[in-house]
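Me: I am new to this structure. Please pick out one part and take me through it slowly.

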Amino acid sequence: MAQHPPAPTRRLSTNERETIDRTVEPLPPALELDEHNYFDNNDPPDYLESMMSDVNDFIEKHPQDRIVLVTSGGTTVPLENQTVRFIDNFSAGTRGATSAEYFLELGYAVIFLHRQFSLLPYSRHYSHSTHCFLDFMEEKDGKVVVGSKYQSEMLSVLRKYKDAKEAGLLLLLPFTTINQYLHTLRSLSLALQPVGPRALFYLAAAVSDFFIPPSRIPEHKIQSMAGGKKLIMDLDPVPKFLNRLVDKWAPSAMIISFKLETDRSILIFKARQALDRYSHQLVIGNLLQTRKQEVVFVLPNQAENWIKLNDQQTIDDIEIESIFIPQIVNLHSEWIDNSAST
Ligand code: PMT
């Protein structure tokens, strides 16, 4: 068999080396100036005002309830203003949609800020799965009905969905781009300020780290070049707004962020580094490969706490969120009690 010559290797540039070097210090937390620079130069989405009016109505309807803001799914980074191409990430929104259901079960009102077309609470059971939703249906006497083997599970999901809807406990808010996400997150945080410690932020979205600022983004579709020229992208780092959220946007709320890694050996270090930098209440670490079977809670001044499904729970298809969301609710109760006593 003919041997292909090895692909030519080339030296990585300093910048390329740094982007894959996991020992390099992360971007410093955003300052007030970074916040002004970003939000003054990146316009809010045109729907934001009407979305916020729905948010304010929702908050008013829950004067005593605990309200959790769940962020879910990945943000996109458009490469053109009239966007044909964009950078995306893997997140399907499973963590967020699943968690939202358990928060609802435990009495929370849920604002679900999600990537448009990613998984939603309740409908997630019948979308994006290996089965097409039509596989759950069958024909009986000329009518479409749910297949007999799915009846009891679907009835239970349907009841929970209808209950949440009728009680007005679930508000669905979509985003697509990183800019839409950041503007909405900031506006939501400010709107939730009057809720005080009853508000919980559960930031499970996979947020883009790089973007093209408006001053450099091309208006129209990038053209393919004659002669096979490369497309070289020049992306700016997205400011790390988590500290602005903790200190200024939502100072009384309990805030939980997630840390995703692919290398187990650095997960705890990275989670603790985030906790030290942003001084919030909890980082939940997870690994891309095992995120549905195990997570680790990293809290200030405490040893980390791994939560893992055991063999029987894995066989029984237990969702790990059903185990750790009640633990979060307990931590939130402590947060509310401590806030009342200070
Ligand atoms: O959707 P699934 O397929 O179920 O996957 C779920 C998940 C793996 C995406 C989820 O469990 C998870 O880990 N989400 C966080 C991913 C991550 O590592 O994010 P990050 O390191 O980019 O950000 C960490 C935190 O900082 C985030 O909670 C974010 O709110 C915050 N952040 C991020 C970027 C930015 N510019 N400013 C921020 O404040």
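Reply: Happily! The second largest pocket holds about 450 Å³ of space. A pocket here is an open set of points on a 1 Å grid over the protein atoms alone, where a 1.4 Å probe fits, with protein on both sides within 12 Å along at least five of seven lines; its volume is the space filled by probe spheres set on the points. The model is predicted, and totals for linings use all residues, while local features need pLDDT of at least 70 and side-chain atom pairs count only at pLDDT 80 or more. Residues are numbered from 1 along each chain as its sequence is written, and side-chain values use heavy atoms, without hydrogens or water.

Now for the walls. The lining of this pocket has 22 residues (each with an atom within 4 Å of a point). Pro78, Asn81, Thr177, Asn179 and Ile217 are the ones nearest the centre of the pocket. At least two lining residues come from each of helix H2 (32-41), strand E2 (77-78) and helix H6 (178-191); helices are DSSP runs of H or I with at least four residues, and strands are runs of E with at least two. H6 gives the largest share, three residues.

What is the chemical mix of the lining of the second largest pocket? Twelve of its residues are nonpolar, seven are polar and three are charged. Nonpolar covers Ala, Val, Leu, Ile, Met, Phe, Trp, Tyr, Cys and Pro, charged covers Asp, Glu, Lys and Arg, and the others, Gly among them, are polar.
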